[in-house]
Every structure is written in C-alpha cells, then in structure tokens.
Number of protein chains: 2
Amino acid sequence: MQLLFVERPLMPAAQLVLTGAAYQHVICVLRLEIGAALELVGSDQVGFAATITAIDPANSSFSVQLAAVALPNTELPVQATIICGLPKGEKTKLIVQKATELGVARIIFCPMQRSIMRWRPEQVTKKVAHLQQIAASAAEQSHRRLIPQVEYWPTLAPLPSVGLNLVAYEEVVKNGQQDLALAQAFQTLRQQLLALPHEAAVPPTDRPAVRMIFGPEGGLAPVEVADLTARGVQSVGLGPRILRTETAPLYFLSSLSYAIEVETLPR
Amino acid sequence: MQLLFVERPLMPAAQLVLTGAAYQHVICVLRLEIGAALELVGSDQVGFAATITAIDPANSSFSVQLAAVALPNTELPVQATIICGLPKGEKTKLIVQKATELGVARIIFCPMQRSIMRWRPEQVTKKVAHLQQIAASAAEQSHRRLIPQVEYWPTLAPLPSVGLNLVAYEEVVKNGQQDLALAQAFQTLRQQLLALPHEAAVPPTDRPAVRMIFGPEGGLAPVEVADLTARGVQSVGLGPRILRTETAPLYFLSSLSYAIEVETLPR
C-alpha cells in the first residue's frame, strides 16, 4: 500500500482534500483511482489507512477518507543518528536508503582523515537534496512515520552531550577480545525507555538519543579515535568481522532494532 | 591487511611456498614485497598472520613465514543459510557481498511466485560463478575463515529437518503486534551453542544450523507462506518496518550476530 506524507496533523475518520505534489504523485504518476487504499502519515507522525473517495482533475485535487483508528507506530523508540565518514561514489545513496529502512532519524556525512572523496562547497546543497529525496522514497517504501534528515558537516562538530555518543572502531574487533560496549549501550537505552512515562506520550525529539560515528573506507585514523575518546565518545565493536564503511551502519541499526524492538524475552 | 585463502591446512610457525593464483594476486597485482604482512587462512578455517620472506619471479612463487599463534576466529558460531526469492538486477550482488561480510555460510537464490526476474537454465552457471567470485572477495575483505557457498535452486527444495527453518513474513509486521519469534529462534540457537562441548572442537558443519527464507520484491505470496508453514517452517517478523528484499537478510544476519556474538550481558 502506498504511503504518503502530508504536512498537517491527521484526525481519525477525517475527510481530506489533497492537491499539489500529492495529486501529482498519487493520481498522475501512480494512477490510483476512486476506492484505492492509501496510507497517510501526518506531521504529528501518526499514520492512518485512507481510501480515495473522489478525484477532481479540473482542480488537480482528490479527496480521501481516513480510518477511525490510527495504524501501528513503526518508528524506533529512540532517536538514532549515524555520522558517516564521507565514502566513495554511490555508497552515500546505499547508506541513506538502507539506514532509512532500518529506522534512522538523522544521517550525517562528514569528510574524515582517510576520506578519498571530498565534496566541493558548491556541490553540497545539490548532493544533500538528492540524498534527502532518497530518504523520502525509502521512508515511504518502508512505512516510516518520519523522513530522516540528511546533513553534510564539513568537519566533525561537537556532539550533544545528552544521549549516547559511540564510535565504531575495528581495532576493538582485530584484537579478538569480546567487546560488550554495544550491548551495554543498548542496555542503557532500554533502561532509559523503561524510565519514560509512556512511549506514546513522549514527543519524538524527547526520546533517548544515540549517535554513532563510522569511519570512511580505510577506517578512522587512530588520532581521530583518540580525539573522540577524549571528547567522551565510547568505542564499540560490531562483532568479530571487518565490515565495510557502508555495512557497519546497517549492522548497528539492525542490531539496535533487534535489541530494543524485537528481543524482549527473559534470559 | 590482505587475507589470502589457501587450499591446505596451516601449521603454526610453518614456512610455506605459494605459487599460481596466490603469486599472481599477491605479487603481481597487489605488488607486495619482502617483509609485507599477510593473513593466511587454511582449508581448516584457521587463520595466521604471515610475513613474505622471499619472492622468486623465475618460478612465479613466494615464501611466507607463519606466526606461532593462530589469529582469533571470525566465523559465526552457527551455520546461517539465507534463501532469497530471486530479486531484480544488481540486488543479487549486493546480497552476496553484504551477507558475506555479515557471516553467512550459504546463499541460495530461488525464483518465487512474485519474482519478476527469471534466470534461463543456460545462464545459471555463469551467474552463480560470478556471485561466487563476489563472495570470495567479500570473504577476504571481511577477514572470514571460509568463503560462503552461492547456489541457485530452480524451485524451493525440501529443507533439511535438522536445524531451525524460518521464513520472513511481513504480514507479521503489518498487524502491529510484537513478534517474539526471531528472539525465540536466537534463544534456541544460544541454548544449542551452550550445549556444545567446546566451540573450537566442533567442526563447522556440525554447528547449529539456521536457515531463513526471504521473498522477492513484493514479498512471498500467501500460498507460499502457507506451504512453508505446513512444512514446519516458522514465520518470523523482522521489526516493525517494511524492509526491501535485499535489506531483510542483512537485518537477519546483523541481529543474529548481535544476539549470539555480542550480547552476553545478563538482563
């Protein structure tokens, strides 16, 4: 079922008239007809099943009837940010698409010491806009409730001190010792979630935050890791194998989802 | 550090002479020189750090000295197989590369009811060989101890009854109920691992097995799910978002690694 983000909050059982880009996309491109089912997500990040009840080509508009009950939430209960050392070529697109499917809230690309690729200042706006489009498509496809924000940072800015700041560092992997830092970080997030009054009552921006930094191809330089560690960022390993720069964020987000959305078995 | 698979078991502190494809790759392509460090993995799936001690271009051979102690194991302690509904275009390559990094043992592509792509019988050998090459490169890059096996099945053959057989089914996701089946499957694997005499003593083929089936674009048809369920295959959800056909196996393998290689904290 096609999902459509609309820029207003949605009320149960409401009738809406949609125009502009929504008309263009749903009626002209997808060619949906009266009676077709849609999923609408409002600016308050609540989704509803909807049915097309009328189409008015003269005014480039169409009407929908929302269901009486909201659809289940699909957002990660924490705000997850990935900060990726700028990789080569098409990898930015792969990271944005897959991280969006896996529930990321914010994706930041930042040139790091071993980044081969650099973006010229005049390229940044266009490249970020293109990646933002990819995030929007992937958010629709995966039935998200928000579109992740894509950003470019010319240097690694200071990170907010509220929330968990982590860095993926493969030297932790190479020495062959088991590393519990990732499991400990997820355990901290679980405890923060349990301490919230009630998940639905917490605005998304007030949910527990986790940020994870990933090196580009070739990894982070030891001096970068030392600098991050000095700033209080925790080094974590992501299992015993060496992951490519575009695979590591997907491992992180998948295991985050598993740890806080799927695994609730007593041990 | 470059990893090289060799087709013989390796002894600690041994000196080896390598020829053929190994010479071609390490000396002619990578242009490594005397004193350069390598990682060698033997046919017994044990890896050693090694140093190039001599190069003999006249005989197209080079010599290496192995370290006295083996490197840490990097293999998943279970045998994980993914069975993927044949997807479109380049997605087979992405799945093979990423699943290899994430520790898969066996990758099977199989046309399913909603597969748009079909391979003609005369294409199969060439396509599988190409994907096997991608698996070999990714296994080297991610410092695996074995190269996953890539296969094509024209139809979904009966699955072995030993081990866990799972199918990813997004209807489980869409109804919004929390689904514990994945966590329960991983808990079963953990218990099987705890029951083994000692991990290092267990040949890879005797390790606990888990197989997971994924639909192509558009998902599995309900009749396919019903047939699999009738054959005793367990339906599992992979978190609350809809994942693309190539993303679902990566979620599965990442969370498997997290659950049995990383997370050992008491809860």
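**Helix α1, chain B**

I started with helix α1 of chain B, residues 20–29, and looked up which of its residues are buried: B:Ala22, B:Tyr23, B:Val26 and B:Ile27. Looking down the axis of α1(B), I find these buried residues within an arc of 95°, so they line one face of the helix. That fits the textbook picture: an α-helix has 3.6 residues a turn, so residues three or four places apart point the same way. A note to self before going on: this is a predicted model.

Next I checked the other side of the helix. The face of α1(B) turned away from the buried side carries B:Ala21 and B:Val29, which are exposed.

What covers the buried residues of α1(B)? I get a cover that includes five strands of chain B, namely β1 (2–5), β2 (15–18), β3 (37–41), β4 (47–56) and β5 (61–66).

I also looked at what follows the helix. Just after α1(B), B:Arg31 takes a positive phi of about 60°.

**The sheet, chain A**

I switched to chain A for the sheet. Its 5 strands form an open sheet in the order β1-β3-β4-β5-β2, with mixed pairing. The edge strands of chain A are β1 (2–5) and β2 (15–18), each of which pairs on one side only. On average, neighbouring strands of this sheet are turned by 40° against each other, ignoring direction.

I then picked one pair for a closer look. Strands β3 (residues 37–41) and β4 (residues 47–56) of chain A run antiparallel and are joined by 5 bridges. Which residue of β4(A) is the bridge partner of A:Leu40? I find A:Phe48.

**The nonpolar core**

The largest nonpolar core has 96 residues, and I wanted to know which of them touch the most other members: A:Phe252 and B:Phe252 do. I listed the contacts of A:Phe252, leaving aside neighbours within four places in sequence. They are A:Ile82, A:Leu166, A:Leu182, A:Phe186, A:Val210, A:Met212, A:Phe214 and A:Leu238.

**The two copies**

Last, I laid chain A on chain B. A turn of 180° and a shift of 0.0 Å along the axis do it, with an RMSD of 0.0 Å. The two copies are thus related as by a two-fold rotation axis.

Which residue of chain A comes closest to the rotation axis? I get A:Ser255, whose C-alpha is at 2.3 Å.

I closed with the interface. Of the interface residues of chain A, 100% are also interface residues in chain B, so the copies meet through the same surface.

Definitions and conventions:
Residues are numbered from 1 along each chain as its sequence is written. Chains are lettered from A and ligands numbered from 1 in the order in which they are written. This is a predicted model: local features need pLDDT of at least 70, side-chain atom pairs count only at pLDDT 80 or more; totals for chains, interfaces and linings use all residues. Side-chain values use heavy atoms; hydrogens and water are left out. Buried means under 20% relative accessible area, exposed over 50%, partly exposed in between (1.4 Å probe, protein chains only). Helices (H or I, at least four residues) and strands (E, at least two) are DSSP runs, numbered from the N terminus. The arc is that of the directions from the helix axis to the C-beta atoms. Contact means heavy atoms within 4.5 Å. Two strands pair if DSSP finds at least two bridges between them. Axes are lines fitted to C-alpha atoms, for helices over the stretch in contact, and angles run from 0 to 180 degrees between N-to-C directions. A nonpolar core is a set of buried Ala, Val, Leu, Ile, Met, Phe, Trp, Tyr and Cys residues joined through side-chain atoms within 4.5 Å. Copies are superposed by least squares on the C-alpha atoms of residues with pLDDT of at least 70 in both.
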